[in-house]
Amino acid sequence: AFGKYRTLNLGFGFDRLQNVLWRLDHGEMDDTVPKLVVMMIGTNNNYESGNARRNSAEEIAEGIVACSRRVLAKAPHAHLALFAIFPRGESPNESRDNNERANAIVKKLVEDDPRITFVDIGERFIGKDGKISKSLMGDFLHPTTAGYSLWVEALNPLIKRYVGK
């Protein structure tokens with residue numbers, strides 16, 4: 001979908017917000033001059049592991065905003081397309097609710113920043129029955145090719161606006 005653009009993918013599996021902040025503070029994005037930065041992060045903080053506790057919606061929102069501010073400090077001439085955390089879990093559940101609360105907080109915290117466009121496409125993944133289709137997220141967390149197509153569709157107008165071509 002983006003083959004004609006010069007891109008840099010800084011997405012790392014299992015990263016939590018604190019990992020992204022560390023990467024940004026230790027050279028990630030140094031010597032780059034992006035026109036547009038696309039970020040969707042936070043869902044991993046809504047999961048408890050042997051190494052980290054599950055974070056509250058408020059903590060997740062605080063981390064997302066901190067990552068956003070750090071990215072814009074590293075790339076002051078860039079625009080940030082900040083995507084809301086995608087829904088997770090086949091049916092409505094506590095994790096999905098926590099992500100939705102975090103998204104609502106983030107939206108309010110960044111809405112006055114002209115360098116950030118907050119985009120929430122979560123509803124596109126959810127059917128009328130409240131469930132996520134396996135065709136869009138095979139494991140109910142990671143988009144399939146069809147799920148990524150929804151993301152591309154939402155991203156294309158921002159690319160045209162901020163990158164051109």
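In the predicted model, Val-20 is found in helix H1. The residue is buried, with a relative accessible area of 15%. Val-20 lies 51 residues from Val-71 in sequence, and the two C-alpha atoms are 9.9 Å apart in space.

Val-71 also belongs to the largest nonpolar core, which has 25 residues. Along with Val-71, the residues with the most contacts inside this core are Met-39, Ile-64, Leu-80 and Leu-82. At least two core residues are supplied by each of H1, strand E1 (36–39), helix H2 (57–74), strand E2 (79–83) and helix H3 (94–110). H2 provides the largest share, eight residues. In soluble globular proteins, nonpolar side chains tend to be buried together.

Eight salt bridges were found in a search of the whole structure. Side chains of opposite charge can pair when their charged atoms come close. One of these bridges pairs Asp-15 with Arg-23, with 2.8 Å between the closest N and O atoms. Asp-15 is buried, because its relative accessible area of 12% falls under the 20% limit. Arg-23, by contrast, is partly exposed at 24% relative accessibility.

A salt bridge also joins the side chains of Arg-115 and Asp-113, at an N to O distance of 3.7 Å. Here the acidic residue, Asp-113, is buried at 13% relative accessible area, whereas Arg-115 is partly exposed at 33%. A further bridge connects the side chains of Glu-153 and Arg-124 (3.5 Å, N to O). This pair links distant parts of the chain, since Glu-153 is in helix H4 and Arg-124 is in the loop between E3 and H4, 29 residues apart. Arg-124 is partly exposed, with a relative accessible area of 40%. Arg-69, Asp-113 and Arg-115 are joined into one network by salt bridges that share partners.

Charged patches were identified on the surface. Lys-4, Arg-6, Lys-35, Lys-160 and Lys-165 form a positive patch. Of these, Arg-6 is placed in the segment before helix H1 (17–25). Arg-6 counts as exposed because its relative accessibility is 85%, over the 50% limit. A negative patch is made up of Asp-97, Glu-100, Asp-120 and Glu-123. Within this patch, Asp-120 is located in the loop between strand E3 (116–119) and helix H4 (145–162). Asp-120 counts as partly exposed, at 48% relative accessibility.

Positive phi values occur at two phenylalanine residues, Phe-14 and Phe-140. Phe-14 has a phi of about 75° although it is not a glycine. This residue is in the segment before H1, and at 78% relative accessibility Phe-14 counts as exposed. For Phe-140, phi is near 65°, again a positive value in a residue other than glycine. Phe-140 is situated in the loop between E3 and H4. In contrast to the exposed Phe-14, Phe-140 is buried, with a relative accessible area of 16%.

Terms used:
Residues are numbered from 1 along each chain as its sequence is written. This is a predicted model: local features need pLDDT of at least 70, side-chain atom pairs count only at pLDDT 80 or more; totals for chains, interfaces and linings use all residues. Side-chain values use heavy atoms; hydrogens and water are left out. Patches are made of residues with over 30% relative accessible area and no salt bridge: like charges are joined within 9 Å, nonpolar side chains (Val, Leu, Ile, Met, Phe, Trp, Tyr) within 5 Å. Accessible areas come from the Shrake-Rupley method with a 1.4 Å probe; for residues, only the protein chains shown count as cover. A salt bridge is a side-chain nitrogen of Lys or Arg within 4 Å of a carboxyl oxygen of Asp or Glu. Lys and Arg count as positive and Asp and Glu as negative; His and the chain ends are not counted. The place of a charge is taken as NZ of Lys, CZ of Arg, CG of Asp or CD of Glu. Helices (H or I, at least four residues) and strands (E, at least two) are DSSP runs, numbered from the N terminus. Buried means under 20% relative accessible area, exposed over 50%, partly exposed in between (1.4 Å probe, protein chains only). A nonpolar core is a set of buried Ala, Val, Leu, Ile, Met, Phe, Trp, Tyr and Cys residues joined through side-chain atoms within 4.5 Å.
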